[in-house]
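User: Please take a close look at one part of this model, the surroundings of ligand 2, and describe what lines it and which polar contacts reach it.

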Amino acid sequence: MKLNDRVAIVTGAAQGIGRAIAEKLDAEGATVVVADRNADGASRAAGALERGRAIEVDVAEPESVEAMVAEVLAEYGRVDALVNNAAIVPFVAWDDVDLEHWRKIIDTNLTGVYLCSRAVWEPMRDAGYGRIANIASNTVMAGTPNMAAYVAAKGGVWGFTRALATEVGAQGITVNAVAPGLTASEGVLASPHGEAFDFVQSLQAIPRRGEPADIAPTVAFLCSEEAAWVTGQMIVVDGGHTRH
Ligand code: NAD
Ligand code: 4PL
């Protein structure tokens with residue numbers, strides 16, 4: 001299988017797209033660290049995997065992220081892949097977002113990607129191998145309303161992906177982004193975003209609801225050794241909603 005003997009961290013993997021990614025990496029042979037601030041959900045998701053391991057983490061907190069990576073290194077001695085998936089998915093008109101809320105979204109959705117990438121950099125550099133896959137969003141192209149801070153953060157993730165790819169390519173590390181469109185995760189289904197499926201489907205080339213399992217295979221490919229020549233890219237996985 002494509003990921004045998006590989007160790008992967010997937011943040012925000014207690015549910016939704018992250019959980020589907022964890023399941024796919026596990027099915028491809030990886031040992032998967034289900035890293036989430038929801039400790040109970042992470043344990044449940046990890047327990048359903050062949051080689052799952054749950055770790056509680058808040059990706060917006062540097063000490064928490066460093067402790068998570070230290071734990072993974074102590075246990076497995078390596079981190080082959082990092083999937084930066086954890087994020088807050090808000091639905092708030094842009095002028096109803098106060099500064100504190102704006103900062104929280106940027107801290108989690110953008111700074112969290114930086115912190116987790118920073119924490120795996122040295123072990124990946126020393127190993128001369130690494131795969132970083134960042135979950136962005138097609139809202140960066142669509143300019144989706146009611147999530148301005150989120151769209152700003154995801155645009156930042158897109159830019160960070162390209163810049164980091166340039167700086168770490170010589171060390172055998174690839175950095176890419178996957179941009180899903182509207183996807184039926186637990187988080188989205190429990191929010192007003194859940195009412196947008198009919199409208200978004202009418203814009204897609206493929207007229208059905210996007211599911212978390214639709215996103216995972218592209219992420220697994222980017223985490224595999226054979227994706228070695230793909231870096232600094234953002235791959236849109238949205239049933240043809242946006243084209244870029
Ligand atoms: P979700 O809300 O269903 O799940 C998110 C998970 O991340 C939860 O388990 C939550 O506990 C965890 N999390 C949140 N903040 C965290 C933090 N600070 N530290 C650790 N864990 C944290 O979300 P989802 O819809 O599955 O989204 C997953 C990813 O996909 C996100 O990056 C999101 O922006 C992206 N995305 C989602 C959609 C969509 O329509 N569902 C579309 C495009 C992109
Ligand atoms: C098209 O990333 O890509 C709603 C919620 N609609 O989080 C997203 C679209 C949402 C999206 C997203």
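Analyst:
**The surroundings of ligand 2**

The side chain of serine 137 has an N or O atom 2.8 Å from an oxygen atom of ligand 2, a polar contact in the sense of a pair of N or O atoms within 3.5 Å. The protein covers 93% of the 300 Å² of accessible area that ligand 2 has on its own, with areas taken from the Shrake-Rupley method and a 1.4 Å probe. This is a predicted model, in which local features need pLDDT of at least 70 and side-chain atom pairs count only at pLDDT 80 or more, while totals for chains, interfaces and linings use all residues. Residues are numbered from 1 along each chain as its sequence is written, chains are lettered from A and ligands numbered from 1 in the order in which they are written, and side-chain values use heavy atoms, with hydrogens and water left out.

Two further side chains make polar contacts with ligand 2: asparagine 138 places a polar atom 2.6 Å from an oxygen atom of the ligand, and tyrosine 150 likewise has a polar side-chain atom 2.6 Å from a ligand oxygen. These three residues belong to a shell that also includes Val89, Thr139, Met147, Pro180, Gly181, Leu182, His193 and His241, where a residue is counted if one of its heavy atoms lies within 4 Å of the ligand. By class, the shell holds five nonpolar residues, six polar and no charged; here Ala, Val, Leu, Ile, Met, Phe, Trp, Tyr, Cys and Pro count as nonpolar, Asp, Glu, Lys and Arg as charged, and the others, Gly among them, as polar.

Tyrosine 150 is also among the closest of the 29 residues that surround ligand 1.

Methods
Polar contact = N/O pair within 3.5 Å; in protein donor to acceptor, adjacent residues only side chain to side chain.
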